Amino acid sequence: MIIAEEDTQFEKATLVGSIGSTGQGVGAATAREILRGAMPPAVRLAENVRELKPFLRETTPLLECAFRDGKKVFVEGTQGFGLSLHHGKYPHVTSRDTTVSGCLSEAGIPPRRVRKIVMVCRTFPIRVKSPSKHRSSGPLSQPLTWKDVARISGYDARDLERAEHTSTTNKLRRVGEFEWDLFRRAVSLNGPTDIALTFADYITMSNTKARRFEQLSEETIRFINELECVACAPVSLISTRFNFRSIVDRRSW
């Protein structure tokens, strides 16, 4: 693991201002890792940082013991498929491959160990706010405003704008209509066994009251049926509001 240090100045000066990067230094640290010390400053490994040593251990033996003992291992991918370094809309991408295969490779888990692939998708896709009027954080094929989403869902637009800020930089998110082409590509490259649909309440606020699938609005059920036809996989988890208890669970596993 390479430590992201003072080299964030490069990202702040270029990537933040051009594509809306978080500027945390991960991209620059990754570039230094690939160049194997040829790019200043000198590479600093996490294992050489005294404060981090208590939290580090070799993961391969740990994972093998878990597999041997029949334990479940959960791997959560970073960011969305559309930001994949290799498969997203370059240059509006992150510094990682965000596909399932990319996550498994970095975690050191062979594909044959995988039993379930749960692909999470939002009813209305988002991107971070563009850095300026003339610079974009990436494409949204059918952009909307949060006032549009409020009109569709029944929420107050001010409540949506307060909630929809990025976790790292606290910037207001951009939003758009569901992108079927992006969904098809994500399904093709990730091969999900299940879909988890979030923000069903953005289709209509009435979904916040649903505790079973049959209680969702007719429009929502039609949308879910279409997702399942495209993905050839069941929509097994449906989030009906921003609360971990508000999930319609249709899993058979």
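This is a short walk through the fold of one chain, taken from a predicted model.

Let me begin with the chain as a whole, before turning to its parts. Its secondary structure comes to 9 helices and 7 strands, and its C-alpha atoms fill a box of roughly 60 × 55 × 30 Å when that box is taken along the principal axes. Of the 253 residues in the chain, 38% are buried. If we consider the contacts between residues at least 6 apart in sequence, 62% of them join residues that are at least 24 apart.

I would like to take the two sheets in turn, starting with the one made of four strands. Strands pair through backbone hydrogen bonds, and they can do so in parallel or antiparallel fashion. Here, 4 strands form an open sheet in the order E1-E5-E6-E7, and the pairing is mixed. At the edges stand E1 and strand E7, residues 247–249, and since each has a single partner strand, one side of each is left without a neighbour in the sheet. On average, and ignoring direction, neighbouring strands of this sheet are turned by 20° against each other. Helix H8 packs on the sheet, where it touches E1 and E5, and the direction of H8 makes about 170° with that of E1.

Within this sheet, E6 and E7 run antiparallel and are joined by 3 bridges. One residue to look at here is Ser 239, which is found in strand E6 and stands opposite Ile 247 in E7. Is Ser 239 buried or exposed? Its relative accessible area is 18%, and because the cut-off for buried is under 20%, Ser 239 counts as buried. Leaving out residues up to four places away in sequence, Ser 239 touches Leu 197, Thr 198, Phe 199, Ala 200, Asp 201 and Ser 246.

That brings me to the nonpolar cores. The largest has 23 residues, and among these Phe 183 and Ile 238 touch the most other members. At least two residues of this core are supplied by each of E1, helix H8 (180–190), strand E5 (194–198), helix H9 (218–231) and strand E6 (235–239), with the largest share, 5 residues, coming from H9. As for Ile 238, its contacts beyond four places in sequence include Leu 197, Phe 213, Leu 216, Ile 224 and Val 248. Apart from this core lies another, of 10 residues, among them Trp 146, Val 149, Ala 150 and Phe 199.

Several of those names will return as we move to the second sheet. It is an open sheet of 3 strands in the order E2-E4-E3, with antiparallel pairing, and its edge strands are E2, residues 126–128, and E3, residues 143–144, each of which pairs on one side only. Between E2 and strand E4, residues 173–176, there are 3 bridges, and Val 128 stands opposite Arg 173 in E4. E3 and E4 pair over 2 bridges, with Val 175 in E4 as the bridge partner of Leu 144.

Which helix packs on this sheet? Helix H6, residues 146–153, does so, touching E2, E3 and E4, and its direction makes about 50° with that of E4. In H6, the buried residues are Trp 146, Val 149, Ala 150 and Ser 153. Seen down the helix axis, these buried residues of H6 fall within an arc of 105°, so they line one face of the helix. Lys 147 and Arg 151, by contrast, are exposed on the other side of H6. The buried residues pack against strand E1 (118–122), E2, E3, helix H7 (157–163) and E4. After H6 comes Gly 154, which has a positive phi, near 100°.

I will finish with a residue outside these elements, Thr 98, which is found in the loop between helix H4 (59–68) and helix H5 (100–107). With a relative accessibility of 8%, Thr 98 counts as buried. What does its side chain reach? The side chain of Thr 98 reaches the backbone nitrogen of Ser 84 at 3.4 Å, and one of its polar atoms lies 2.9 Å from the backbone oxygen of Gly 80. Setting aside neighbours within four places in sequence, the residues in contact with Thr 98 are Thr 78, Gln 79, Gly 80, Phe 81, Leu 83, Ser 84 and Cys 103.

Conventions: Residues numbered from 1 in each chain as written. Predicted model: local features only at pLDDT ≥ 70, side-chain atom pairs only at ≥ 80, totals over all residues. Heavy atoms only, no water. Pairing = 2+ DSSP bridges. Contact = heavy atoms within 4.5 Å. Axes fitted to C-alpha atoms, helices over the stretch in contact; angles between N-to-C directions. Buried < 20%, exposed > 50% of the residue type's maximum accessible area, 1.4 Å probe, protein only. Arc of directions from axis to C-beta. Polar contact = N/O pair within 3.5 Å; in protein donor to acceptor, adjacent residues only side chain to side chain. Core = buried A, V, L, I, M, F, W, Y, C linked by side-chain atoms within 4.5 Å.
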